[in-house]
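Here are some notes on the model, set out as numbered points for discussion. They begin with the pairing of strands and then turn to the interface and to individual side chains.

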Amino acid sequence: MEFLNPAALYSLLLLPVLLIAHLIRRRPQRVYFSSLLLMREFAAGTSGVRSGVPPIFFLHLLLLTLLLLALAEPALTSRAVNIALVLDNSASMQAVDDGQSRFQAALAEAGKILRGLPAGARVDLYALAPHLARIGEAGLRPNDALKRAAALKPLDVGEGTVDHGAELSQLAREGDYARLYFVTDHPAEGQSTTLRVITVGRSQNNLALTSLQVERAGLDAPRLEARVEVRSFSNAEEKFQLNLKAGGKIIATRAYTIAPGKSVDASFDAIPAHPFYEAEIAADDGLPLDNRRFAVAPPTDGIKILAISPRPGGLDSLRAIPGVEAQIIAPEAYRKGNFAPHAVEIFQYSAPAALPDASALFILPPPQNPLVRVADGAASPIVTGWREGHPLTRYINFSLFRPSYARPLKLGPSGQAVIDGVDGALAVALEQDNRRYVALGFDPLPFLGQRNLPMSIFTLNLLQWLSSAQTPALTTGMPLNINLRPGDSLFRTNGDKVEPQTAALFQGIYQVGAGATRYLAVNFDNAAESDLRSSTPIRISEAPGADGDRPLAALLSPYLLAIALALLLLEWFINPRPAGKAA
Amino acid sequence: MLPPPFSADFLNRLEVLRLRTRKEVLSNRPGAYASPRRGMSLEFADYRKYSPGDDPRYVDWGIFARSDRLYVRLFREEVDLFAYVFIDTSASMGFPSPREKFIPACNIALALSYVVLANHDHVRLHALSEANPASPFYRGRNRILDLIDFTAMLSPAGAPDLGASLGKQLKNIHRPGKAILVSDFIVPPESYRHALNLLRAFNLDIATVQVLSRVEVDPPFAGELRLADSETPEELNLRWDDATRRAYRERLERHNRELKSYCHQSGIRYSLYVSDEELSDFVLKTLPAMGLFK
């Protein structure tokens with residue numbers, strides 16, 4: 001005989017409580033009476049309060065024992081019991097509760113479950129992040145599963161928006177598991193005979209570094225500036241120290257106070273040049289993982305632009321922009337491929353057949369272009385709207401922004417309008433595969449500097465935004481689209497080689513190729529995981545026929561419950577009830 | 001406004017009653033009760049030889065005609081009654097609650113007192129407690145209000161010895177009369193015998209009313225009990241079942257039988273009142289039947 005839920009056997013420790021309850025119940029009730037004169041004689045004749053326990057106690061003992069044994073789900077089965085153990089190894093499991101991480105607590109709970117399984121049980125071990133997948137081979141023995149689980153580490157990856165309850169129920173059905181244990185930091189709602197959720201961790205306050213941007217102060221400015229955003233997932237006002245590091249050394253530090261649920265923006269100007277930077281919050285909060293964030297320095301040399309135009313003279317003014325190196329060619333030359341790779345390509349009155357491999361600007365593209373549809377043009381268009389906060393619209397006074405001619409753009413399946421006119425968009429931006437594309441329905445060139453300040457600012461915004469796509473922000477859990485050349489590998493800053501798949505799971509700075517100067521910053525970025533105050537509950541519903549696959553005939557619980565019910569009825573008949581309350 | 005059960009009808013019916021005494025009483029005021037002294041009533045008592053100075057109206061001229069000797073007729077003196085009503089105020093009288101035992105006992109005492117007051121006799125209430133308070137003598141039916149006020153001040157408490165308390169009260173009694181003792185008498189026989197003997201020694205005509213609550217007659221207990229005495233720290237562990245209930249009832253009946261037997265042997269009127277009975281029925285039917293009233 002085996003127990004499918006052996007942890008319930010600990011409840012047998014409750015049996016002495018029954019004895020105590022009986023002894024307390026048999027303690028005589030204290031009642032006042034006018035005079036005991038008449039009771040002394042026959043009180044001596046009776047035995048007074050009887051010692052020991054009554055026979056009904058043994059009936060109660062048997063009844064309770066049967067119920068507790070039924071909880072342990074004894075089963076007479078010769079076949080191996082299939083158990084699935086799913087460990088939540090997402091980023092929030094790195095949160096520390098009382099000196100122990102949630103993942104360590106989850107491992108302890110998993111140990112309890114696995115050690116309590118019968119010897120013949122077979123365990124399939126699953127990890128939740130980055131997606132639900134089995135660890136090791138199927139049908140592990142409990143001890144082997146325990147060793148496998150102990151070797152797991154929580155990833156720097158947040159959970160997707162998957163309905164874990166449905167996903168795990170489906171896994172339990174497909175795997176024909178007698179029990180599926182899910183150890184996580186999410187609470188559970190609902191009940192299921194198969195799916196058991198064991199919740200670890202508690203609500204905590206947390207601060208998170210949600211952004212670190214290192215940019216050049218201007219297109220030709222060698223100075224770098226860093227902008228940091230810290231967000232509070234706390235119910236109380238918090239104080240913290242923000243450190244900016246370069247090369248492992250603190251280059252700037254500041255102290256802040258942040259209100260509950262608010263965010264703080266910090267800006268560090270004129271920071272020394274370094275290949276990569278790290279921002280760090282020195283605070284005693286719940287999740288250490290999101291207290292660090294990494295960024296790679298932008299290239300310090302000028303922007304190399306390949307300009308393609310049937311009228312190359314119109315692009316000459318690009319060369320007047322400080323920090324810009326422009327190579328201007330005709331569309332025919334572009335089609336022949338007679339050019340070196342550039343960071344940014346500008347197509348004026350022309351367009352390639354497909355989106356180029358570099359970030360690109362399309363100025364008044366022809367109708368046959370891969371980005372937008374172009375309508376008929378009109379003179380002196382009016383700007384009716386623009387996207388606030390977009391890098392392209394920063395610092396521009398749109399009341400003075402007056403292109404002389406424009407052709408409205410119709411949005412394609414992707415992209416977003418940045419500047420709107422009366423008849424359609426005047427500027428459309430698209431980010432795709434770490435590249436940025438902009439289509440303009442007007443011509444911002446020639447670059448006139450201070451003579452047309454709004455348009456000049458817009459042009460500089462364009463060039464800066466397009467060029468900054470070279471250092472894309474990479475997020476853990478997302479595929480690393482870094483176009484590794486054959487033979488290239490990723491290395492940590494300490495020289496350890498890392499597979500790209502692994503690098504996508506842990507935040508940090510990675511070097512592309514040994515000794516190379518190209519760096520990647522991979523950061524954890526998941527507000528739901530950083531918010532440790534409340535976790536989304538896992539909704540469990542009993543799937544129809546969930547019990548149908550289980551070896552019901554081998555389970556003894558129904559029989560134990562039936563016997564307990566019979567004993568309960570017997571107790572109902574034979575247990576004398578007090579006739580009334582004493583005076 | 002009199003408290004229940006002293007309704008106008010009940011009081012009217014009490015006024016037609018008069019306490020019966022087995023003994024002659026002493027007093028200086030004319031009344032309706034026989035005195036050992038010779039007096040001016042209509043009831044003939046004896047003859048005495050004529051002495052000079054006797055009132056010739058009392059000379060029995062028939063005897064003089066037959067024997068040629070002068071005898072004068074003597075008559076009984078009839079005086080008013082002094083009644084002493086003793087109320088047991090020990091803690092046991094408050095069980096299970098004063099409303100269920102002590103107040104009914106006080107009402108019996110007040111009803112008997114009203115009978116005395118309505119006949120223009122004297123009555124005085126004595127509380128048998130450690131402080132031993134007693135009311136003044138009252139006379140006249142209106143003084144029932146004073147007696148009600150007196151009983152309202154009483155509350156059952158303590159465990160005074162019945163005989164000792166009674167002895168202290170009797171020190172202040174100088175006239176023989178009617179003594180009525182209202183108590184539960186759940187005390188050792190020696191104790192109530194001592195108390196009743198004290199009353200007898202003072203040449204009082206004694207009546208006892210035993211007051212018990214229904215809970216004492218038929219305790220509604222069940223199961224294992226730790227019974228605590230209301231007057232002493234004594235406690236008893238008991239398993240209250242049918243056998244125990246039977247044994248208790250037999251013991252109570254034997255105790256009451258012994259009390260009644262002792263009263264009978266001592267010339268004391270005895271009656272038992274269980275507090276859930278109608279008070280008017282007890283006073284107007286049971287007590288007359290036992291000869292307490294004329």
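1. A:Tyr32 has B:Ala228 as its bridge partner, and that partner lies in β8(B). This pair belongs to a parallel pairing between β8(B) and strand β2 of chain A, residues 29-33, which runs over five bridges. The model is a predicted one, and the points below should be read with that in mind.

2. The contact between the two chains draws 34 residues from chain B and 27 residues from chain A. On the side of chain B, the greatest losses of area to chain A fall to B:Glu224, B:Arg226 and B:Arg251, which together account for 19% of what that side buries. The area buried between chain B and chain A comes to about 2900 Å², and carbon and sulfur atoms give 66% of this.

3. Polar interactions also cross this interface, where nine residue pairs are in polar contact, both residues of each pair being at pLDDT 80 or more. The elements of chain B that give two or more residues to the side touching chain A are α7 (214-217), β8 (223-229), β9 (235-240) and α8 (242-265). Of the elements on that side, α8(B) gives the most, with seven residues. By residue class, the side of chain B that touches chain A divides into 18 nonpolar, five polar and eleven charged residues.

4. How many salt bridges cross the interface of chain B and chain A? The rule finds two, while a search of the whole structure finds 35 over all chains. At the interface, B:Glu235 forms a salt bridge with A:Arg30, and the closest N and O atoms of this pair are 2.3 Å apart.

5. Within chain B, the side chains of B:Asp281 and B:Lys285 meet in a salt bridge with an N to O distance of 3.9 Å. The two residues are separated by about one helical turn, because they stand four residues apart in helix α9 of chain B, residues 279-289. B:Asp281 counts as partly exposed at 36% relative accessibility, whereas B:Lys285 is exposed, with a relative accessible area of 53%. Elsewhere, salt bridges that share partners join A:Arg30, B:Arg226 and B:Glu235 into one network.

6. Two salt bridges within chain A may be set out in turn. A:Asp531 forms a salt bridge with A:Arg533, in which the closest N and O atoms are 3.0 Å apart. Is A:Asp531 buried or exposed? A:Asp531 counts as buried, at 18% relative accessibility, while its partner A:Arg533 is partly exposed, with a relative accessible area of 25%. The side chains of A:Asp144 and A:Arg141 also meet in a salt bridge, at 3.4 Å from N to O, and A:Asp144 is partly exposed, with a relative accessible area of 26%.

7. A:Asp97 is found in strand β5 of chain A, residues 96-97, and counts as buried at 10% relative accessibility. Its side chain is joined to that of A:Gln204 by a polar contact of 2.4 Å. Leaving aside residues up to four places away in sequence, A:Asp97 touches A:Arg102, A:Gly201, A:Arg202 and A:Gln204.

Conventions
Residues numbered from 1 in each chain as written. Chains lettered and ligands numbered in written order. Predicted model: local features only at pLDDT ≥ 70, side-chain atom pairs only at ≥ 80, totals over all residues. Heavy atoms only, no water. Contact = heavy atoms within 4.5 Å. Buried area = accessible area lost by both parts, 1.4 Å probe. Salt bridge = Lys/Arg side-chain N within 4 Å of Asp/Glu carboxyl O. Polar contact = N/O pair within 3.5 Å; in protein donor to acceptor, adjacent residues only side chain to side chain. Nonpolar A, V, L, I, M, F, W, Y, C, P; charged D, E, K, R; others polar. Pairing = 2+ DSSP bridges. Buried < 20%, exposed > 50% of the residue type's maximum accessible area, 1.4 Å probe, protein only.
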